[in-house]
Amino acid sequence: MTEPTLGGMIPAPLAAALAARGYDDLTPVQNAVLAPEAAGRDLLVSAQTGSGKTAAFGLAMAADILNGDALPLPGLPAALVIAPTRELALQVARELGWLYADAGAQIATCVGGMDYRTERRALA
């Protein structure tokens, strides 16, 4: 179930995670990706560092991956995020980790230069 909070309809576990991180209001980029005209569309977002882009990305995909306030039963991956660098992939994983923790998400990364056995266990 979703509730109006932080300026829009955000699933309760994500709203709680944002509030715990000190978001009283959504940032402009976060509001933009949640606008009704953005629903179901591919988005190209450009904003300054620290503007909340990564959390915005996580908020934008919530409608596609959450079943109410939780992820579907475990089994297949719910989403695949591709990042151009290892550093960005790890940053995205950290951000989505806290954002989706209360929804039951398990975040795994597969990036070059890391121990493949650890990544294989995370994917399993």
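1. In this predicted model, helix α1 contributes a set of buried residues, namely P13, L14, A15, A17 and L18. The helix itself spans residues 12–20, and just after α1 the backbone at G22 adopts a positive phi of about 90°.

2. The packing of α1 against α4 deserves a careful look. Two packed helices are described by the angle between their axes and the distance between the axes. For α1 and α4, the axes come within 7 Å and cross at roughly 115°. An angle of 65 to 115 degrees counts as roughly perpendicular, and α1 and α4 are therefore assigned to that class with respect to each other. On the side of α1 the contact is made by P13, L14, A17 and L18, while α4 supplies W98, L99 and Y100. Sorted by class, this contact of α1 with α4 holds seven nonpolar residues, with no polar and no charged residues. The four contact residues of α1, P13, L14, A17 and L18, also appear among the buried residues of that helix.

3. W98 takes part in a further arrangement, since a search of the whole structure returns one aromatic pair. The partners are Y23 and W98, whose rings are stacked, with 6.5 Å from centre to centre and 25° between the planes. The pair joins distant parts of the chain, given that Y23 sits in the loop between α1 and α2 (28–34), whereas W98 belongs to helix α4 (residues 86–100), 75 residues apart. Are Y23 and W98 buried or exposed? Both Y23 and W98 are buried.

4. The count of salt bridges in the model comes to one. It is formed by D115 and R117, whose closest N and O atoms are 3.1 Å apart. As for solvent access, D115 counts as partly exposed because its relative accessibility is 34%, and R117, with a relative accessible area of 47%, is likewise partly exposed.

5. A last point concerns G40, which is placed in the loop between α2 and α3 (53–65). Why does G40 count as exposed? The relative accessibility of G40 is 86%, and the class of exposed residues begins over 50%, so G40 is counted as exposed. Measured against the chain, G40 and A70 are separated by 30 residues in sequence, and their C-alpha atoms lie 19 Å apart in space.

Conventions
Residues numbered from 1 in each chain as written. Predicted model: local features only at pLDDT ≥ 70, side-chain atom pairs only at ≥ 80, totals over all residues. Heavy atoms only, no water. Phe/Tyr/Trp six-rings, centres within 6.5 Å; stacked < 30°, edge-to-face > 60°. Helix = DSSP H or I, 4+ residues; strand = E, 2+ residues; numbered from the N terminus. Buried < 20%, exposed > 50% of the residue type's maximum accessible area, 1.4 Å probe, protein only. Axes fitted to C-alpha atoms, helices over the stretch in contact; angles between N-to-C directions. Parallel < 35°, antiparallel > 145°, perpendicular 65-115°, else oblique. Contact = heavy atoms within 4.5 Å. Nonpolar A, V, L, I, M, F, W, Y, C, P; charged D, E, K, R; others polar. Salt bridge = Lys/Arg side-chain N within 4 Å of Asp/Glu carboxyl O.
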